[in-house]
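Q: Please take a close look at one part of this model, the strand pairing and the side chains that pack against it. I would like one connected account that I can follow along the chain.

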Amino acid sequence: MLLFDVSGRVLYSLDDSIAEGSALRAALPPRTELAAALDRCLSSRRAELAPFQSLGAAGQQPLAFVASPILDGTKAVGSLALGFGPEGLWDILADMGRLG
């Protein structure tokens, strides 16, 4: 889980390799799908999905991220990114009762 302010500064991270207070561009490798999804979610004010990629302490474990804007009324004030591994996705898809 990563929490960013609207300028892209890391406010909170469950990943010890991503330092709190660092800038988004410094915290993430350049041109990551996650960085692009965070930019899109802030401009569109809608949740975005970033495809699987390996980042931070997760090492070679690929994670997909859901990036969501944090709104104060209609104004975006930050963003939240939640990562999940392939096993979590397969668990959801395997349980047809939870798919709606």
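A: Strands S1 and S5 run antiparallel and are joined by 4 bridges; two strands are said to pair if DSSP finds at least two bridges between them. Helices (H or I, at least four residues) and strands (E, at least two) are DSSP runs, numbered from the N terminus. The model is a predicted one, in which local features need pLDDT of at least 70 and side-chain atom pairs count only at pLDDT 80 or more, while totals for chains, interfaces and linings use all residues. Residues are numbered from 1 along each chain as its sequence is written, and side-chain values use heavy atoms, with hydrogens and water left out.

Within the S1–S5 pairing, Leu2 stands opposite Ala81, and Phe4 has Ser79 as its bridge partner. S1 also pairs with S2 (residues 10-13), again in the antiparallel sense, over 3 bridges. There, Ser13 is the bridge partner of Leu2, and Val10 stands opposite Phe4. S1 and S2 form a hairpin with 4 residues between them, and Gly8 in its turn has a positive phi of about 95°. S5, for its part, pairs with S4 in the antiparallel sense over 9 bridges, with Gly78 as the bridge partner of Ile70. These two strands form a hairpin as well, with 2 residues between them, and Gly73 in that turn takes a positive phi of about 70°.

Ser79 is a useful place from which to look outward. This residue of S5 is buried, with a relative accessible area of 1%, where buried means under 20%, exposed over 50% and partly exposed in between (1.4 Å probe, protein chains only). Leaving aside its neighbours within four places in sequence, Ser79 is in contact (heavy atoms within 4.5 Å) with Leu2, Leu3 and Phe4, with Leu38, Cys41 and Leu42, and with Ser68, Pro69 and Ile70.

Two of those contacts, Leu38 and Leu42, belong to helix H2. The helix comprises the 12 residues 33-44, and at 1.5 Å a residue it should span 16 Å, which agrees with the 16 Å between its end C-alpha atoms; the expected span is 1.5 Å times one less than the number of residues. Its buried residues are Leu34, Ala35, Ala37, Leu38, Cys41 and Leu42. They cover an arc of only 160° around the axis, so they lie on the same side of H2, the arc being that of the directions from the helix axis to the C-beta atoms. An α-helix has 3.6 residues a turn, so residues three or four places apart point the same way. What covers these buried residues includes S1 (2-5), H1 (24-27), S3 (48-53), S4 (63-72) and S5 (75-84). Just after H2, Arg45 takes a positive phi of about 60°.

The two leucines can then be taken in turn. Leu38 counts as buried at 1% relative accessibility, and, not counting residues up to four places away in sequence, it touches Phe4, Leu24, Ala67, Ser79 and Ala81. The C-alpha atoms of Leu38 and Met1, which are 37 residues apart along the chain, are separated by 13 Å. Leu42 also counts as buried, at 18% relative accessibility, and, with the same exclusion of residues up to four places away, it touches Val6, Ala76, Gly78 and Ser79.

Beyond single contacts, the largest nonpolar core has 20 residues, and those with the most contacts inside it are Leu28, Leu34, Leu38 and Phe65. S1, H1, H2, S4 and S5 each supply at least two residues of this core, and H2 gives the most, with 6 residues. Such a core is a set of buried Ala, Val, Leu, Ile, Met, Phe, Trp, Tyr and Cys residues joined through side-chain atoms within 4.5 Å.

As for confidence, the mean pLDDT of the protein is 85, and 91% of its residues reach 70 or more; pLDDT is the predictor's confidence in each residue, from 0 to 100. Among the elements, S4 has the highest mean pLDDT (94) and H1 the lowest (74). Where pLDDT is low, the predicted coordinates should not be read in detail.
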